Amino acid sequence: MNVQPQSPAPDRPGHPRRPWMALLLSFGATGLGHLYCGRLTRGLVLFFACFAFGPIIVTSTQGASSTLTFAAVVLALVLYFAIFLFALIDSYRIARRTPADYRCTDYNRWYLYLLFIAVALTLSLIHISEPT
């Protein structure tokens, strides 16, 4: 029996990252555009950082109404939108700088992007529906 070594798989062409797609994905779920561009750690940090403010806002509104409570809610909202805006701009810029021969990784799959958006929507709905 003559066994020949398998030749390596031919190089697949790269998949350039499209800036508009990174922007759209970041709009769907904060940090998702970074995953699309291959920045897993940054994307996950941004994703969880945005959702850390939900419990802060809900907890603050359950306390006694005061200037301090109002300030905490406003600060949390400002930080949330600052992170959201940063994620949009940063993912767009990263996609523009990513080489055209970008190799997709295990997490560059449409169904994982969809799962990411579903988790973001679920977490948002949980924060909204929490009783005050």
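**Figure 1. Gly38 meets two tyrosines in this predicted model.** Leaving out residues up to four places away in sequence, Gly38 touches Tyr102 and Tyr107. The model shown here and in the views that follow is predicted. Gly38 itself sits in the loop between α2 and α3. Is Gly38 buried or exposed, or something in between? With a relative accessible area of 27%, Gly38 is partly exposed. If you like a distance to check, try Gly38 and Ile94: their C-alpha atoms are 9.3 Å apart in space, while 56 residues separate the two in sequence.

**Figure 2. The whole chain, for orientation.** Before we zoom in again, here is the setting. The protein chain has 5 helices and 0 strands, and its pattern along the sequence reads α-α-α-α-α. Of its 132 residues, 31% count as buried. The accessible surface of the chain is about 9,000 Å², and carbon and sulfur atoms account for 69% of that area. Contacts are worth a look too: taking those between residues at least 6 apart in sequence, 72% join residues at least 24 apart.

**Figure 3. Arg17 is buried without a salt bridge.** Arg17 lies in the segment before α1, a helix that spans 19-28. Which side chain of opposite charge is nearest to Arg17? That is Asp101, 10 Å away, and buried Arg17 has no salt bridge. What the Arg17 side chain does reach is backbone oxygen: that of Tyr36 at 2.8 Å, and that of His15 at 3.3 Å. Setting aside neighbours within four places in sequence, the residues in contact with Arg17 are Tyr36, Cys37, Ala95, Thr98, Tyr102, Cys104, Asn108 and Tyr113. Tyr102 is thus a shared partner here, as it is in contact with Arg17 and also touches Gly38.

**Figure 4. Two cysteines beside Arg17.** Both Cys37 and Cys104 are among the contacts of Arg17. How do they compare in exposure? Cys37 counts as buried because its relative accessibility is 1%, whereas Cys104, at 24%, counts as partly exposed. A disulfide is a covalent bond between the sulfur atoms of two cysteines. How many disulfides does the structure hold? The number is 0.

**Figure 5. A salt bridge between Arg42 and Asp90.** Side chains of opposite charge can pair when their charged atoms come close. In this model the count of salt bridges comes to 1, and the side chains that meet are those of Arg42 and Asp90, at 2.5 Å from N to O. This pair links distant parts of the chain, with Arg42 in helix α3 (residues 40-62) and Asp90 in helix α4 (residues 67-97), 48 residues apart. The two partners fall into separate exposure classes: Arg42 is partly exposed because its relative accessible area is 38%, while Asp90 counts as buried at 7% relative accessibility.

**Figure 6. Thr30 and its surroundings.** Thr30 is found in the loop between α1 and α2, the latter covering 32-36. Why does Thr30 count as buried? Its relative accessible area is 6%, and buried means under 20%. Neighbours within four places in sequence aside, Thr30 is in contact with Gly43, Leu46, Phe47, Cys50, Ile83, Phe84, Ala87 and Phe116.

Definitions and conventions:
Residues are numbered from 1 along each chain as its sequence is written. This is a predicted model: local features need pLDDT of at least 70, side-chain atom pairs count only at pLDDT 80 or more; totals for chains, interfaces and linings use all residues. Side-chain values use heavy atoms; hydrogens and water are left out. A disulfide is a pair of cysteine sulfur atoms within 2.5 Å. Buried means under 20% relative accessible area, exposed over 50%, partly exposed in between (1.4 Å probe, protein chains only). Helices (H or I, at least four residues) and strands (E, at least two) are DSSP runs, numbered from the N terminus. Lys and Arg count as positive and Asp and Glu as negative; His and the chain ends are not counted. A salt bridge is a side-chain nitrogen of Lys or Arg within 4 Å of a carboxyl oxygen of Asp or Glu. A polar contact is a pair of N or O atoms within 3.5 Å; within protein, one must be able to donate a hydrogen and the other to accept it, and residues adjacent in sequence count only if both atoms are side-chain atoms. Contact means heavy atoms within 4.5 Å. Accessible areas come from the Shrake-Rupley method with a 1.4 Å probe; for residues, only the protein chains shown count as cover.
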